[in-house]
Amino acid sequence: MYQKNVWEGISEEKKQAIFAFNEGYKAFLSAAKTERLAVKESEKLAKKAGFKRFDEYKKLAAGDKVYFINRDKNIILYIIGKKPLEEGMNVLGAHIDSPRLDLKQNPLYECKGMAFMDTHYYGGVKKYQYVTLPLALHGVVYKKDGTKVEIAVGENDDEPVLGINDLLPHLAQEQMKGNAATFIEGEKLDLTVGSIPMEGDEKEAVKANVLKILTDKYGIDEEDLVSAEIEVVPAGKARDFGLDRSMVMSYGQDDRVCAYASLIAILETEAPEYTACCELVDKEEIGSVGATGAHSVFFENTVAELLNKMGRTDYIALKRAMENSKMLSSDVSAALDPLYPSVSDENNCAKINYGVVFNKYTGARGKSGANDAMPEFIAYLRKLLDDEDIYFQTGELGKVDAGGGGTIAYILAKYNMSVIDAGVPVLSMHAPWEVTAKADVYEAYRCYKAFVK
Ligand code: MN
Ligand code: MN
C-alpha cells in the first residue's frame, strides 16, 4: 500500500488494533526514559516471550531465542533460524538513546542562596526548549567499592521535579534580541536543585543540605558523582495527542518508537527461516561511537558467539553471516509539518498516517554520509509489504540543502549487507515532547514483523 492514508477506508478491527498496540508503546516510553531503562524494559519483555541470556545456553539450535546485553546500555536479541547462520540474518536495528542533558562530573554548586547542578547537553537539542520544563533525573552512581546505586527522581506524583530557569519577559529585552541558537547558552542549562540552607553550616549551606539529602536517600557523597552517569530528561509519561487521540506525545520517541516496534516484532516471531535479529544500540545521537554504539564490534562479536555455540569456529562463517544479511535500519524520519512546509519537498517527504517510511538515503548536502540503499533491495521490500497490505511511503530528511542528518545504516552496510532506513515519521523531532502518529507506529511494527518472518 504505497503512499496511502492508513485511516481511509479502515476497518473497525484494524482501528482497534492500532490503538491497542499504542497502549503498549506508551507504557514502554513512560518506563524507558533512558537507554539503560530501555534495555531493562526490553529484557523484561524478552524474558516474558521466552528469550534467555546467551550464557544460559550450552548449545544453540533452530528456534532458540537468545539475547546479549552490553554494559546495560545495548541489547541484541536473536531467534536462531532453520537455515545455517552463514546464509545470513534478517536484522532490525534501532537506537535507544535520545537527546537530553547529562549531569557533569562535578555538577553541584551554590550561587546566591540557591543550589544548582551543571549539565552538558547530549545530541542535537534546541537549547531554548529545555528551560521552564519539569525535568527528571535517571541514572546510576558507581561507588569506589563497585556498588551500583540507581537514581530516579521526578516521575512519580509524590516526587519533586527539577528544572532550568529562564528570564521573565519584562526583563528580557536584551535576551530576546539574540538568535535562537545562542540566546540560551549551553552553560546556562543548569538545574535548580535546592534553596534551604543547612542549619549551623555557614559556607555553602544550601549545597550542603542538598548533599545531605543525596547521602540520606542514596548513600552517596559528592565525590561519588565523579563515577556517575545521570541523565536529565523531561518528566512525565507518554500521552495521547489530539482530540481524536490519533497521535502520541512523548519524550524520546527518536528512536524508541522504532526500537519498541522492532522489539515487539521479534518477540512475536516463531521459528523463522533465517536467523532473526534485533539490535538496540546506544550513542546514535552523538555519532554511534563508543563501546555501546553501532560502530562497536559488539554486534559482530555476538554473531561469532552464536556460531561458536553451533559448532562453527571458522572466520569465514562469520564473514558470510554478516555479508549475506539484510537489515532494516529503523530510525525516525522528519514528518511534513503543515506549519513549516518550506523545509520539505512535498513529493519526497514523509507524512503522518501514511505508514512506515523508507529513506533510501539520509545525509546532508550531496548525500554526504548516506548509506544509499540498493534499488534491488527496495524492490524486494516493496513486494514483501504489498503482499501483506502494509502501508509504506518514501521520504527524504527535508529539502536538498535544507540541512540533513544520519542514522546507523551506513555503519552496518560496511559488512556488505543490504541496508535501508525504515522508520516512523516524527513531528517536533528532538524536542522534549515529540509527536508520532499511532497508525505509523503500527504499520512500522507490521513491516518489521513481515521482514523477520
Ligand atoms: Mn534517530
Ligand atoms: Mn535523532
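**Exercise 1. Find where Ser262 sits, and work out which residues surround it.**

*Solution.* Start with the secondary structure: Ser262 is part of helix H4. Keep in mind as you go that you're looking at a predicted model.

Next, check the accessibility. Ser262 has a relative accessibility of 0%, so it counts as buried, the cut-off being under 20%.

Now look for neighbours, skipping residues up to four places away in sequence: Ser262 touches Leu92, Cys278, Ser330 and Tyr448.

Finally, try a distance. Ser262 and Val91 are 171 residues apart along the chain, yet their C-alpha atoms are separated by 9.5 Å.

**Exercise 2. Do the same for Val91: which strand holds it, and is it buried or exposed?**

*Solution.* Step one is the strand: Val91 belongs to S4, which covers residues 89–95.

Step two is the accessibility. The value for Val91 is 0%, so this residue is buried.

Step three is the list of contacts. Leaving out residues up to four places away in sequence, Val91 touches Cys277, Phe299, Ser325, Lys326, Met327, Leu328 and Phe451.

Step four is another distance. From Val91 to Ser296 you count 205 residues in sequence, and the two C-alpha atoms are 16 Å apart in space.

**Exercise 3. Work out which protein atoms hold the manganese ion called ligand 1.**

*Solution.* Begin with the donors. They are His95 through NE2, Asp254 through an OD atom, and Asp331, which is listed with OD twice; they lie 2.2 to 2.6 Å from the ion.

Then write down their spacing in the sequence: H-x158-D-x76-D for ligand 1. Now place two of them on the chain. His95 is in strand S4, while Asp331 is in the loop between strand S14 (326–329) and strand S15 (333–334). The pair links distant parts of the chain, 236 residues apart.

Last, check the accessibility of both. His95 has a relative accessible area of 1%, so it's buried. Asp331 comes out at 7%, so this residue counts as buried too.

**Exercise 4. Now take the other manganese ion, ligand 2: what coordinates it, and which residue coordinates both ions?**

*Solution.* Donors again. Ligand 2 is coordinated by Asp254 (OD), by Glu285 (OE, listed twice) and by His430 (NE2), at 2.1 to 2.5 Å. The sequence spacing of these donor residues reads D-x30-E-x144-H.

Compare that with the donors of ligand 1, and you'll spot the shared residue: Asp254 coordinates both ions, which are 3.3 Å apart.

Where do Asp254 and Glu285 come from? Asp254 lies in helix H4 (residues 253–267) and Glu285 in the loop between strand S13 (275–281) and helix H5 (298–308), so the pair ties together parts that are 31 residues apart in sequence. Both Asp254 and Glu285 are buried.

**Exercise 5. Hunt for backbone oddities: which peptide bond is cis, and what is phi of Ser288 and of Asn353?**

*Solution.* First, the background: most peptide bonds are trans, and most residues other than glycine have a negative phi.

Now go to the bond from Asp254 to Asp255. Its omega is near 10 degrees, which makes it cis. Asp255 lies in helix H4.

Next, phi. Ser288 has a positive phi near 60 degrees, and it isn't a glycine. You'll find Ser288 in the loop between S13 and H5, and its relative accessibility is 3%, so it's buried.

Asn353, also not a glycine, has a positive phi near 80 degrees. Asn353 is in the loop between S15 and strand S16 (356–359). With a relative accessible area of 13%, Asn353 counts as buried.

**Exercise 6. Step back and describe the whole chain: how many helices and strands are there, and what is the radius of gyration?**

*Solution.* Count the elements: the chain has nine helices and 22 strands. Its radius of gyration is 23 Å, close to the 22 Å the globule rule gives for 453 residues, so the chain is as compact as a globular protein of that length. Along the principal axes, its C-alpha atoms fill a box of roughly 70 × 55 × 45 Å.

Then see what's inside: 53% of the 453 residues count as buried. Look at the contacts with a separation of 6 or more, and 77% of them join residues 24 or more positions apart.

Now the outside. The accessible surface is about 20800 Å², and carbon and sulfur atoms account for 52% of it.

To finish, take the charges: there are 55 positive and 70 negative ones, and their mean positions are 4 Å apart.

Notes
Residues numbered from 1 in each chain as written. Chains lettered and ligands numbered in written order. Predicted model: local features only at pLDDT ≥ 70, side-chain atom pairs only at ≥ 80, totals over all residues. Heavy atoms only, no water. Helix = DSSP H or I, 4+ residues; strand = E, 2+ residues; numbered from the N terminus. Rg over C-alpha atoms; globule rule 2.2 N^0.38 Å. Buried < 20%, exposed > 50% of the residue type's maximum accessible area, 1.4 Å probe, protein only. Contact = heavy atoms within 4.5 Å. Areas by Shrake-Rupley, 256 points an atom, 1.4 Å probe, with all protein chains shown as cover. Lys, Arg positive; Asp, Glu negative; His and termini not counted. Charge placed at Lys NZ, Arg CZ, Asp CG, Glu CD. Donors = N, O, S within 2.8 Å, 3.2 Å for Na, K, Ca; no water.
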